[in-house]
Amino acid sequence: MNRPKFLALALLVYSTPAAVVAQDDPGSAKWVIDGCRERIAGKPPSFIQGMCAGAIQTFIALSERTSLHPQGAFCRPPDGTTGQAARAIAAYLDDNPSLGSYPFVWVAEAALQKVWPCKSN
């Protein structure tokens with residue numbers, strides 16, 4: 001694809017109204033949580049489960065890097081697992097269904113701050 005066509009396509013994609021994109025946004029909490037629920041239920045591995053687990057594992061790893069988040073988004077206990085995080089996020093979204101269109105990582109951060117808060121020194 002030549003540069004003018006690529007730029008036109010990029011402009012079209014990025015100028016699409018957010019309300020239209022949000023309906024099926026693969027990064028939204030509502031979309032990713034289905035994979036988390038499959039994982040919790042012990043269903044055979046699927047792409048959407050991988051999205052959930054990968055997002056959680058990456059988010060945990062990045063949040064534990066103090067250079068990336070100096071105040072700590074949350075503090076995972078040494079025995080905290082991806083499965084525990086998935087259950088906490090699913091429960092949080094059940095309690096706050098209006099957050100379904102928000103990015104999964106925002107909802108995950110709020111849920112994990114609630115269940116794994118950092119203790120003040």
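In this predicted model, a disulfide joins C36 to C52, with the two sulfur atoms 2.0 Å apart. The link bridges distant parts of the chain: C36 sits in helix α3 (residues 29–41) and C52 in helix α4 (residues 47–63), 16 residues apart. The count of disulfides comes to one. The torsion about the S-S bond of C36 and C52 is about 100°, so this disulfide is right-handed. Are its two ends buried or exposed? C36 has a relative accessible area of 0%, and because buried means under 20%, C36 is buried. C52 is likewise buried, with a relative accessible area of 0%.

It helps to step back and look at the whole chain. The chain contains six helices and zero strands, and from the N terminus on its elements run α-α-α-α-α-α. Of the 121 residues in the chain, 28% are buried. The accessible surface of the chain comes to about 8,100 Å², and 59% of that surface belongs to carbon and sulfur atoms. Contacts also say something about how the chain comes together: among those between residues at least 6 apart in sequence, 60% join residues at least 24 apart.

Aromatic side chains offer another view of such links. A pair of aromatic rings is described by the distance of the centres and the angle of the planes. In this chain, the count comes to three aromatic pairs. One of them brings together F74 and W116, whose ring centres are 6.2 Å apart and whose planes meet at 45°, so the pair is tilted. Which parts of the chain does this pair tie together? F74 lies in the loop between α4 and α5 (82–95), while W116 lies in the segment after α6 (104–115), so the pair ties together parts that are 42 residues apart in sequence. Both rings belong to buried residues: F74 has a relative accessible area of 3%, and W116 has one of 10%. F59 joins F74 and W116 to form one aromatic cluster.

Y102 and W106 form an aromatic pair as well, again tilted, with 6.2 Å from centre to centre and 55° between the planes. Here the surroundings are more open to view. Y102 is partly exposed, with a relative accessible area of 38%, and W106 is exposed, at 52%. Y102 lies in the loop between α5 and α6. Leaving aside residues up to four places away in sequence, Y102 touches G27, S28, A29 and V107. The C-alpha atoms of Y102 and K30 are separated by 8.0 Å, although these residues are 72 residues apart along the chain.

The helix that holds W106 is α6, and its length can be checked with simple arithmetic. At 1.5 Å a residue, the twelve residues of α6 should span 16 Å, and the end C-alpha atoms are indeed 16 Å apart. The expected span counts one less than the number of residues, which is why twelve residues lead to this value. Which residues of α6 are buried? They are F104, V107, A108, A111 and L112. Seen down the axis of α6, these buried residues fall within an arc of 125°, so they line one face of the helix. An α-helix has 3.6 residues a turn, so residues three or four places apart point the same way. The face of α6 turned away from its buried side carries the exposed residues W106 and K114. What covers the buried residues of α6 includes α3, α4 and α5.

Helix α5 can be read in a similar way. Its 14 residues should span 20 Å at 1.5 Å a residue, and its end C-alpha atoms are 20 Å apart, which agrees. The buried residues of α5 are T82, G83, A85, A86, A88, I89, A90, Y92 and L93. These buried residues pack against α3, α4 and α6. Helices α3 and α4, which carry the two cysteines of the disulfide, are thus among the partners of α5 and among the elements covering the buried residues of α6.

Technical notes. Residues numbered from 1 in each chain as written. Predicted model: local features only at pLDDT ≥ 70, side-chain atom pairs only at ≥ 80, totals over all residues. Heavy atoms only, no water. Disulfide = S-S within 2.5 Å. Helix = DSSP H or I, 4+ residues; strand = E, 2+ residues; numbered from the N terminus. Buried < 20%, exposed > 50% of the residue type's maximum accessible area, 1.4 Å probe, protein only. Phe/Tyr/Trp six-rings, centres within 6.5 Å; stacked < 30°, edge-to-face > 60°. Arc of directions from axis to C-beta. Contact = heavy atoms within 4.5 Å. Areas by Shrake-Rupley, 256 points an atom, 1.4 Å probe, with all protein chains shown as cover.
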